[in-house]
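Visitor: I'd like to learn how to read a fold like this one. Could you walk me through it?

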Amino acid sequence: MSFTIITFLFFSHTNIYISLGFLLEMQVKELMKRVYTIDKNIYLKEAAKIMSDKGYSCLIFISGNKMTGIITESDMLKIFGGKRKISEVMTKKVITINENEDISKAMDVMKEKNIKKLPVVDSKNNLVGIITLTDIAKHSDELEEGFFFD
């Protein structure tokens, strides 16, 4: 087994921080989960209903075979109301990670870009899942990490 020593503080809107010691180098594909995609430019109210009904914290907007945006619960809370469509408010520059990268790389990207959700792609850049900061926290026993919450 190989280990990497990583230490950082990650601050979110709720002041959750994580202090990491030894990180078992698991691959992203071992922790990723299914992602919900939409291919229609729907109104925010419809997107909120899908997220609530299906239990997803974000939606990935797909046009053709291309990932064109992501909208999260946080995005929705900031701009909810009115008759806006998701294409007007979604993040259009989607940051992704390859499924074969280590979890440590995913955490580095999340920290650097100040994001909590990271769409996962395969070697052909096809969307295959998503990994979130919450997913990593839920599997902290497998990663042999200590997570601390304020």
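Guide: We'll go through a sheet, then the cores, then a loop residue, keeping in mind that this is a predicted model.

Visitor: Let's start with the sheet. In what order do its three strands come?

Guide: Follow which strand sits beside which. Here the order is β7-β8-β9, in an open sheet with mixed pairing. The edges are β7 (97-98) and β9 (127-132), each pairing on one side only.

Visitor: In which sense do β7 and β8 pair?

Guide: They run in the parallel sense, with two bridges between β7 and residues 117-121 of β8. For a landmark, look at Ile 97, which stands opposite Val 120 in β8.

Visitor: Now the inside. Which residues of the largest nonpolar core touch the most other members?

Guide: That core has 15 residues, and the best-connected are Val 28, Ile 103, Met 110, Leu 118, Ile 131 and Ile 136. At least two residues each come from α1 (28-31), α5 (103-113), β8 and α6 (133-138). The most come from α5, which gives five.

Visitor: What is Ile 131 in contact with?

Guide: Skip its neighbours within four places in sequence, and its contacts include Val 28, Ile 103, Met 110, Leu 118 and Ile 136. Another core, of twelve residues, lies apart from the largest one; Ile 38, Phe 61, Met 76 and Val 89 are among them.

Visitor: And the loop between β8 and β9: is Lys 124 there buried or exposed?

Guide: Exposure is judged from relative accessible area, and over 50% counts as exposed. Lys 124 has 68%, so it is exposed. Its C-alpha atom is 9.5 Å from that of Asn 98, although the two are 26 residues apart along the chain.

Definitions and conventions: Residues are numbered from 1 along each chain as its sequence is written. This is a predicted model: local features need pLDDT of at least 70, side-chain atom pairs count only at pLDDT 80 or more; totals for chains, interfaces and linings use all residues. Side-chain values use heavy atoms; hydrogens and water are left out. Two strands pair if DSSP finds at least two bridges between them. Helices (H or I, at least four residues) and strands (E, at least two) are DSSP runs, numbered from the N terminus. A nonpolar core is a set of buried Ala, Val, Leu, Ile, Met, Phe, Trp, Tyr and Cys residues joined through side-chain atoms within 4.5 Å. Buried means under 20% relative accessible area, exposed over 50%, partly exposed in between (1.4 Å probe, protein chains only). Contact means heavy atoms within 4.5 Å.
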